[in-house]
Amino acid sequence: MMYPKFQRGAIRQSLLNSGRRAQQLLFRGLTPLLDARFGVWLMVTGLLLMALPLITTPLSIVQQGVTAVVIIVVGWGLVRLEQSVNRPSASQTLHLLLVGFSLLATLRYLYYRTSYTLNFDGWANSAFSLLLYGAELYAIATLLLTYFQKVKLRTRPSPSLAQVPQHQWPTVDIYIPTYNEEVAIVRKTALAALAVTYPEAKKRVYILDDGRAEKYRSRRSQLRQMCTELGCQMLTRDNNDHAKAGNINTALLRTDGELVLILDCDHIPVRSFLQETVGFFLDSQVALVQTPHWFYNPDPFERNLMTQGQVPVGNELFYKVVQKGNDYWNAAFFCGSAAVIRRQHLLAVGGIATETVTEDCHTSLRLHSAGYRSVYYDKILIAGLAPETFAAYVGQQVRWARGMAQILRLENPLFNRQLRLSLPQRVCYFSATSHFFFGFPRLMYAIAPLLFLLLHLNPIRGIGIETVVYALPHIVLAMQANFISYKKVRFSFWNELLEYALSIQAGLVTLLALVNPRLGQFNVTDKGTTVDQRRFDFVSVRHLLILIGISLVALVTLPTWLILRPEETEAIVINGVWCVFNLALLTGAALVGLEQPQQRRAHRLQRQLPVVLCDSHRACQGMTLDISESGAKVVLDEYPALLSDVTFEVLGDYGQRAVVRGQVLRTARLSATQFSAVVKFVDLTQAQTDALTLVLYSDVHTWYGQHRALDDRPLDSLRFIAASPRRVLQQRQAAQLAHLRQAYPIEGHLFWRGHYYRGRVVSIGMDGLQLMLGRTALPGWPRERQVPIAGFVLKLNTAVRANAESQRLVVCIRSVTPHARDGTLTVDLAFPPQLQQNQGQQLAQLIATIAESKAGHRHAAIRGTA
């Protein structure tokens, strides 16, 4: 049918308009997919599709070996390139490139592993082959989830409140839930909470006491007295339902602040906490601002394995990488403390979740499902106490494992349509809730080589060099891709050690939680425990000891297998190496159960704070090297000729001041111009203790744990783990500092058994001196059974005598050393401690006078030379 010309033109125009509209609709539909967040993954998906032949093409052993070497070398080159650049954007690009290479290597290994190595020869081989294969699938899925979570790490600046009038600032309630912790621990947190910089009319501090049991009656009375003394309010509820979550929910109905800052009772906040976090709530959709948890005491891995701060602690990976990656996808979740929550949004989702023992993550899941936003602010704003014993640490981790498995079972964040979550949020929550299922896969890696060496079962059919050249690129590229993000927060092979240490406990509780998510209850982690002697926690690591014993037996069988089955040499050697690797990790994990004693009464903080030490006649200024609530080590730029009893004044980062009494225990020379003094605090009043608490924990600009200088070195990390038995089993000696002696060539006379012996003072200090005598002998020495008491006269030169008379002192002869070459004697003299109060004053004045005279001579000589 023919249309008139004008109708044909109208139809053509109509079709063109329809095409344009369809094109616009198509582009509008594709626009979200072209967003930067999804663009990266579209690019990766496209590359993988194009690389499909690289994944599936079979190669000979030599060809695959060459391919493996090339891929590993390229990955190593990209890592070295990333280390040489300082631009975050370049580091991000190189990281994504390494992720792409890692995915290629992993998928190629997975294709090979699935196609050629599953062993169905008999029911035993079939069962263990499938179990090991399942463990590897879990590890690969975890790797892929990790890559997704850290596709970009978000670092946020703190919004300023300076442009907002103070009367418009939101009111804040500070909750400090407590159950059975020591009142002294709660007091520190309450003091710091009261000192947080925020308008007093808009801030209230509440102690939420949940310890209503009869055995805590006395503690509750002390807690109430503390609240009255400090000026905070105590809230006690009528029941203990739902533990910490129920405690907070009860308080929500009894207070009215717009925002709620939740602090565990041992999490001491810095004074700027609210100033740095409240600004995020200027966005009305923000329901939660989470900050990192940081612990000023060593956790059981750091203390018992004696890492001395050389290895990042367990939670750094989560707070430095995972949470920042979650924040990019608006999936950063609540961690139970050190967080500010908007009351209105929290009540809108029913308050703190009570269905699981990880009420924090569960609550944030509901906040995100309701359409609210969360913020992760990566700055340490609290200092807390890590579990002091391995048993307490295991209990804490097991509670988290049970709670996460409960959330996975009850909420099913990946597929539950009732949860209004974005796909990235679903992936992030699925990653978090499935994380603690590492127990059984980790145990499968431990027993796989044992099955071959002891029972001749082979979970991997035909294991040999071919398997190695397919597996190595997958393993090494994954380490290289993770290195860029993890290099300062999780060292190589430590993740395996941490998982081995918790494998049985985590595996059991996650399995039980999947079967019955209602099992289990909230357990409070013990804090403030002191380990006063070395002991071995056999119960917590008994399963590891069994695996170590079986592994040693398996290694003994290696020569026998090599003789009886020479045709299986490759498989025997590979399983033997695998067994040795596992043995090193298992041994390190088991040694965490050897509790090392805490050598100090209080944990030392590595803070550099200005101090002034003074006694009745002089003052010395210096800087702390470390400090605690019981003492400090101070570096001074002048000789500390001080009496034992001193006044110790220390200033915080913002000028908070504490003045306490101290005793100088020992001094030492650090360099030609610097000296150190170890000071013990004595007779502290409660007011002095409170002032010291605020200086140490509240008056902090930036905690030293915010940044770590050391980078991961994989081989060094493996060597460090392997050397754990040598470090841990050696007897630790308390740190000893040599007494400081200054060289002053002054004449001195020793009065001993009615005779004077003239000599030259080699060195002198507050603890004693060394005297050089000529060709002589001391009658009665060394036949004395007790430390001999003698008299000593110090003959001062003319310049010094103008300020001080000759000094007569009582000394003890500690040792006499003859010199055969010239017949002289070196006599080591000590000042009796019981006479310190009587002659310590004159001795300090004497040393100070001599030091000033010596300095004057030195300056005069310099001026004369000039």
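**Figure 1. Glu747 and Arg758 in the predicted model.** Glu747 counts as partly exposed, at a relative accessibility of 29%. Its salt-bridge partner is Arg758, and the closest N and O atoms of the two are 3.1 Å apart. Arg758 has a relative accessible area of 62% and is therefore classed as exposed, the threshold being over 50%. Glu747 belongs to strand S18 (residues 746–752) and Arg758 to strand S19 (residues 755–764), with the two positions 11 residues apart in the numbering. A search of the whole structure finds 30 salt bridges.

**Figure 2. The salt bridge between Asp690 and Arg187.** The N to O distance between these two side chains is 2.9 Å. Asp690 is in helix H23 (residues 686–698) and Arg187 is in helix H7, so the pair ties together parts that are 503 residues apart in sequence. Both partners are buried: Asp690 has a relative accessible area of 12%, and Arg187 has one of 10%. Helix H7, which spans residues 183–195, lies across strand S1 (172–178) and strand S2 (203–209). Its direction is at about 165 degrees to that of S2.

**Figure 3. The network of Glu181, Asp209 and Arg219.** Salt bridges link these three residues. In the pair formed by Arg219 and Asp209, the side chains meet at 3.3 Å, N to O. Arg219 is located in helix H8 (residues 217–230) and Asp209 in strand S2, so this salt bridge joins parts that are 10 residues apart in sequence. Asp209 is buried with a relative accessible area of 0%, and Arg219 is buried with a value of 9%.

**Figure 4. Surroundings of Arg237.** Arg237 sits in the loop between S3 and helix H9 (243–252). Its relative accessible area is 5%, so the residue counts as buried, the limit being under 20%. The side chain of Arg237 reaches two backbone oxygens: that of Asn239 at 2.9 Å and that of Ala243 at 3.0 Å. With residues up to four places away in sequence not counted, Arg237 touches a set of residues that includes Asp209, Asp210, Arg212, His242 and Asn247. Asp209 is also a member of the network in Figure 3.

**Figure 5. Arg727, a buried arginine that has no salt bridge.** Arg727 is part of helix H25 (residues 724–729). The nearest side chain of opposite charge is that of Glu302, 11 Å away. A salt bridge requires a distance within 4 Å, so Glu302 does not qualify as a partner. A polar atom of the Arg727 side chain does lie 2.8 Å from the backbone oxygen of Phe720. Beyond four places in sequence, Arg727 touches Leu305, Met306 and Phe720.

**Figure 6. The seven-stranded open sheet.** The strand order is S3-S2-S1-S4-S7-S6-S8, with mixed pairing. Strand S3 (233–236) and strand S8 (373–376) are the edge strands; each has a single partner, so one side of each is left without a neighbour in the sheet. From one strand to the next, the twist averages 25 degrees. Strands S6 (residues 286–290) and S7 (residues 339–342) pair in the antiparallel sense over three bridges. Gln290 stands opposite Ala339 in S7.

How values were computed
Residues are numbered from 1 along each chain as its sequence is written. This is a predicted model: local features need pLDDT of at least 70, side-chain atom pairs count only at pLDDT 80 or more; totals for chains, interfaces and linings use all residues. Side-chain values use heavy atoms; hydrogens and water are left out. Two strands pair if DSSP finds at least two bridges between them. Helices (H or I, at least four residues) and strands (E, at least two) are DSSP runs, numbered from the N terminus. Axes are lines fitted to C-alpha atoms, for helices over the stretch in contact, and angles run from 0 to 180 degrees between N-to-C directions. Contact means heavy atoms within 4.5 Å. Buried means under 20% relative accessible area, exposed over 50%, partly exposed in between (1.4 Å probe, protein chains only). Lys and Arg count as positive and Asp and Glu as negative; His and the chain ends are not counted. A polar contact is a pair of N or O atoms within 3.5 Å; within protein, one must be able to donate a hydrogen and the other to accept it, and residues adjacent in sequence count only if both atoms are side-chain atoms.
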